[in-house]
Amino acid sequence: MKKNRFFAVLLILFSVSISAAEKRLSELGWIEPDSPVFSLLAYPQRVERIYQQNNAQLIWIDLATIQKFEQQLEVIHRAGISPLFDRRLSYLQQYREQNTWFEYDLLATDTLIMYLSYAEQAAKLGQQWFFEGKKLSYNLPLPSENAFVSLEVAVATNGIGELVQSYTPNDASYQPLMTAYKTLLEKESETIPRYNQKGLIKPGDRLDDRDLLIHRLSLVNIDMSQVNDNVTWYDNSLVKVVKRFQRMHGLKSDGIIGPDTLKWLNLSVKSRLALLALNAERSRLWSQEEDTVIVVNIPGFDMKYWYSGKPVFSSKVVVGSVKRPTPLMSIKLDSVILNPTWNVPRKIMVEDILPLAKRDANYFNRHHIEIIKSWTSDKTLDPKAIDWTSVDPDTFPYRMRQQSGRQNALGLYKFNTPNARAIYLHDTPSKHLFSSPSRAFSSGCIRVQDASIFAAKIFETQGIDESKLKDEQNPSNKSIALKKRIPVHIIYQTVWYEGGTLQYRDDVYRFDAQARG
């Protein structure tokens with residue numbers, strides 16, 4: 001009876017000022033005059049409408065639903081991207097612990113509206129939240145009318161928990177990330193010492209604290225059932241586990257426990273939870289609509305090509321260096337260029353090539369680079385006729401073009417993706433770079449290992465007869481237009497699910513630290 005009286009008054013009070021509402025509620029004795037709940041509401045008119053349609057009944061009456069929603073807010077909190085949601089979660093937890101359920105109900109409903117908007121806006125604004133350090137600290141716009149219809153149906157059918165679940169990412173990695181998150185969360189209260197050792201530990205070496213090493217390894221849910229119990233040295237059963245751990249973290253899987261392996265072993269539970277949460281939320285950003293798509297994951301230094309929903313090609317890649325990072329973007333592959341020439345970008349000409357040319361008069365001839373008078377001219381110049389020592393980088397007047405061939409920086413294939421930032425995929429003569437575990441060496445573009453196989457797979461899936469292309473004399477810059485452009489997504493996930501296990505990688509561009517900072 002008291003509950004119905006409270007909400008009958010509440011529906012009236014939503015149409016008047018906040019101060020008047022506080023006064024009237026204070027007189028009824030339901031909400032204290034200084035309660036912050038009114039100042040927290042971002043969508044009071046919509047909240048009023050929801051309660052009106054629900055006959056002024058409490059909405060958040062199921063503890064399992066409350067727990068599910070708070071867990072989702074907790075993940076956003078752990079991701080470190082939103083002071084706004086952090087504050088709301090803190091108040092919700094406070095109201096729940098104090099059993100002030102009227103305030104809880106109002107704020108939870110208002111926060112759910114904001115959560116639906118967050119899920120819808122992530123594709124548009126996620127780049128700022130997850131990679132540019134712009135915290136979500138402002139009220140989001142109202143979600144779509146479709147979202148409100150879903151919300152109203154969920155309220156009417158007690159389906160709030162299912163609604164929250166439906167607005168989580170549909171990326172294949174999301175649920176494994178969340179499963180690992182929930183499992184690890186149970187261990188956060190444990191005090192787990194750092195694992196220390198002297199020098200490198202190799203198979204057969206004695207271990208000073210084998211049990212702690214095993215405990216640290218178990219934090220990532222590696223199967224430990226085959227590890228021997230009654231030994232004190234680094235035996236083969238434990239070496240196998242360490243190798244799996246190393247593969248999970250993108251390390252050389254040699255079983256030798258060195259500084260890089262130690263770094264990941266000693267990652268705190270709190271830090272690993274933050275990584276899982278951040279990457280789970282990041283997966284909202286990446287499009288899942290295409291069944292034919294190329295995805296480059298920068299921290300993974302890899303690329304995958306899906307055709308009709310099936311993976312048909314994967315490859316190691318070299319991405320941009322820390323000083324010249326590969327941008328995160330969505331572009332489209334429209335053609336494959338055989339035997340490409342390379343128009344050298346100005347930044348590379350001025351910062352990389354010019355200093356070398358000043359020291360080596362034969363640099364251009366050895367690297368088959370032509371000097372062209374200007375960007376508006378095609379007239380070539382004799383490099384030896386130019387006094388390179390006197391050329392000013394700030395007023396550099398020339399452009400450079402490297403001739404096609406195996407020595408060309410683009411190799412024998414350029415996978416053309418027209419965009420304002422001149423980022424594309426290509427072959428490379430520097431095959432040795434693919435043997436490095438960390439491959440951030442380029443000036444922004446993406447070098448593909450086995451580029452000839454990649455080109456063949458593209459031609460095959462596009463219905464282009466490659467044999468006819470080989471029969472022809474392939475001149476420089478022979479462009480093979482694709483029948484249908486292929487979306488290319490350049491993404492950044494430092495944790496993802498693949499091959500039945502989670503994969504962790506170093507934060508090569510420091511985006512993780514920036515998002516959580």
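Okay, let's start with H426: its relative accessibility is 5%, so this residue counts as buried. Keep in mind that we're looking at a predicted model here.

H426 sits in strand β10, which covers residues 425-426. And who are its neighbours? Leaving out anything up to four places away in sequence, H426 touches A409, L410, Y413, K414, F415, C445, I446, R447 and V448.

You'll notice C445 in that list. The UniProt annotation "active site", from an unreviewed entry, covers H426 and C445. Those two span 20 residues in sequence, yet their C-alpha atoms are no more than 7.7 Å apart, so they gather at one spot. On top of that, both H426 and C445 are in the lining of the largest pocket.

So what about C445 on its own: buried or exposed? With a relative accessible area of 15%, and the cut-off for buried being under 20%, C445 is buried. C445 belongs to a loop, the one between β11 (440-442) and β12 (446-448). Its contacts, again skipping residues up to four places away in sequence, are V318, V319, G320, T326, A422, I423, Y424 and H426.

Now over to a sheet. There's an open one with 4 strands, in the order β5-β8-β6-β7, and the pairing is antiparallel. At the edges stand β5 (342-343) and β7 (380-381); each has a single partner strand, so one side of each has no neighbour in the sheet. Strand β6, residues 369-372, runs antiparallel to β7 and is joined to β7 by 2 bridges. If you want a spot to zoom in on, I371 stands opposite L381 in β7.

Key:
Residues are numbered from 1 along each chain as its sequence is written. This is a predicted model: local features need pLDDT of at least 70, side-chain atom pairs count only at pLDDT 80 or more; totals for chains, interfaces and linings use all residues. Side-chain values use heavy atoms; hydrogens and water are left out. UniProt positions are given in the numbering used here, feature names are shortened, and annotations may be inferred rather than shown by experiment. On a 1 Å grid over the protein atoms alone, a cavity is a set of points where a 1.4 Å probe fits but cannot get out, and a pocket is an open set with protein on both sides within 12 Å along at least five of seven lines; lining residues have an atom within 4 Å of a point. Buried means under 20% relative accessible area, exposed over 50%, partly exposed in between (1.4 Å probe, protein chains only). Contact means heavy atoms within 4.5 Å. Two strands pair if DSSP finds at least two bridges between them.
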